[in-house]
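Please look through the sequence and the model below before reading on; the paragraphs that follow go from one helix to the ligand and then to several individual residues.

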Amino acid sequence: MDFETFRRHGRGRHDYARDWKKRTGGKVVGTFCTYVPEEILAAGGVLPVRILGSHEPADDAEPYVFGMFCPFSRDCISQAIRGRYDYLDGTVLAQTCLHIRNTFWSWQKVNPGRFHYYMCFPIKVQSPRAVDYATGEMRAFRAAFEKWLGRPLADAQIRDAIRVCDENRALLEEIYGLRKDPHPPLTGREAMEMVLAGQLMDKREHNQLLRQALAALRTRRLERDPGVRLMIVGSEDDDTEFIGTTEELGCTIVVDEHCTGTRYFLNRTPDDPDPMRALARRYVGKPPCPSRDWDARTRTDRTLQLARDYNVQGALLVQQKFCDPHELDIPAIKSTLERNGIPTLFLEFDVTIPFGQFRTRIEAFLEMIRAEALF
Ligand code: SF4
């Protein structure tokens, strides 16, 4: 198994999507946010592609979104302006924070005349009415999508797509579980590349790669000292360079709590005679992002549980600059982890940040953890 395969798919995401269109004749739809039910798109033979950062300067985004919008939002719209996603036949957003919502409206101005769907989704996922509400919105999305496709979807097609997506989640969870080992068989960078590739590729093809990876990982031993066991917590984060360079400083990122990692795949679709309700239950019940966790703040306990399960020694709390939902969550997460003996380091991300700005602080953080481990 060549673990570089996932990296190649991530880096060559646009080539993969264009090639997929050519070989299947299918349509490709971009998704903003992990709450878009990919299963409905896949059931219609459409490839869902998560819109992720490019980490290039995004100065051209200024006429479309405010300068104080998060760097990820600005990065997205900048890529649209440059035509990086010109192969997309449409985009779907499931209601989320203000910044990405405005980005979605601007995206439509840059890419008019395609299928653009704004899916309402409960912000308060803890509400007893959330599943009913989300079920109705799943049905509305399905109807709009069917109209655009020009044909109805059978429930059996949706159930099949649910099965494939759940297999993907189960495989990722099993691979993540191997990172609990004192000597994890894969680095944090490799793990992130695996999850990212799954959000860009046909799930059936990704599942096949994951099955091969899982078999290889059972006997794989990395010729590196894992060093300090770290967790990464925070906003949208697809910066594999950051993870890789951090790990070169003498640590391993053994688990994450962000929407390009565990928040994307932890939890499965429950059995339900109505596939729309099954999807609503899965998406309402998935690990929430902070923009849906307002008063419940369930992320705090979930993050602590993950830290314990993976035996982490410290946590990097990463926030996209100007991201209010995460900024509101971080104080509670920070104090909960620290009260439980897990030191934290807060880092603020912009679209492009030379790693040098972080290096000294991360080195000092690792040094402190190593020193504490001696006592
Ligand atoms: S990083 Fe924060 S502000 Fe930006 S899209 Fe995500 S939740 Fe919204």
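**A walk through the predicted model**

In this predicted model, a convenient place to begin is the end of a helix: H6 is followed by glycine 150, whose phi is positive, near 85°. The helix itself covers residues 130-149, 20 residues in number, and its first and last C-alpha atoms are 28 Å apart, close to the 28 Å expected at 1.5 Å a residue. Along H6, the buried residues are Ala130, Val131, Ala134, Thr135, Glu137, Met138, Phe141, Arg142, Phe145, Glu146 and Leu149. The spacing in that list can be read against a general property of such elements: an α-helix has 3.6 residues a turn, so residues three or four places apart point the same way. What do the buried residues of H6 pack against? Their partners are three helices and two strands, namely H3 (38-43), H7 (155-177) and H12 (275-285) together with E3 (90-94) and E4 (115-119).

From there the reader may turn to the ligand. The space that the ligand takes is the largest cavity, and the residues surrounding the ligand are Cys70, Phe72, Cys97, His99, Ile100, Ser235, Gln320 and Cys323. By character, this shell is made up of five nonpolar residues and three polar ones, with no charged residue.

Helix H4 (71-81) and the loop that leads from it to E3 offer two further residues to examine, the latter being the place of tyrosine 85 and the former that of arginine 74. Is arginine 74 buried or exposed? Its relative accessible area is 12%, and because buried means under 20%, arginine 74 counts as buried. Apart from residues up to four places away in sequence, arginine 74 touches Ala58, Ala61, Val65, Phe66, Gly67, Phe69 and Asp350. Between the C-alpha atoms of arginine 74 and glutamate 62, which are twelve residues apart along the chain, the separation is 7.8 Å.

Tyrosine 85, with a relative accessibility of 2%, is likewise counted as buried. Once its neighbours within four places in sequence are set aside, tyrosine 85 is in contact with Arg13, His14, Val49, Arg50, Ile51, Leu52, Gln79, Trp107 and Arg114. Leucine 214, by contrast, lies 129 residues from tyrosine 85 along the chain, and the C-alpha atoms of the two are separated by 32 Å.

Helix H7, one of the elements that the buried residues of H6 pack against, also holds tyrosine 176. At 3% relative accessibility, tyrosine 176 counts as buried, and its contacts, leaving aside neighbours within four places in sequence, are with Ala191, Val195, Val255, Asp256, Gly261, Thr262, Phe265 and Tyr310. Lysine 286 is 110 residues from tyrosine 176 in sequence, and 17 Å from it in space, C-alpha to C-alpha.

Two asparagines deserve a look for their backbone angles. Asparagine 267, in the loop between helix H11 (262-265) and H12, has a positive phi of about 110° although it is not a glycine. Asparagine 311, found in the loop between helix H13 (298-309) and strand E7 (314-320), also has a positive phi, near 50°, in a residue other than glycine. How accessible is asparagine 311, buried or exposed? Asparagine 311 is exposed, because its relative accessible area is 54% and exposed means over 50%.

Note on methods. Residues are numbered from 1 along each chain as its sequence is written. This is a predicted model: local features need pLDDT of at least 70, side-chain atom pairs count only at pLDDT 80 or more; totals for chains, interfaces and linings use all residues. Side-chain values use heavy atoms; hydrogens and water are left out. Helices (H or I, at least four residues) and strands (E, at least two) are DSSP runs, numbered from the N terminus. The expected span of a helix is 1.5 Å times one less than its number of residues. Buried means under 20% relative accessible area, exposed over 50%, partly exposed in between (1.4 Å probe, protein chains only). Contact means heavy atoms within 4.5 Å. A residue is near a molecule or strand if one of its heavy atoms lies within 4 Å of it. On a 1 Å grid over the protein atoms alone, a cavity is a set of points where a 1.4 Å probe fits but cannot get out, and a pocket is an open set with protein on both sides within 12 Å along at least five of seven lines; lining residues have an atom within 4 Å of a point. A molecule sits in a cavity or pocket if more than half of its atoms lie within 2 Å of its grid points. Ala, Val, Leu, Ile, Met, Phe, Trp, Tyr, Cys and Pro count as nonpolar, Asp, Glu, Lys and Arg as charged, and the others, Gly among them, as polar.
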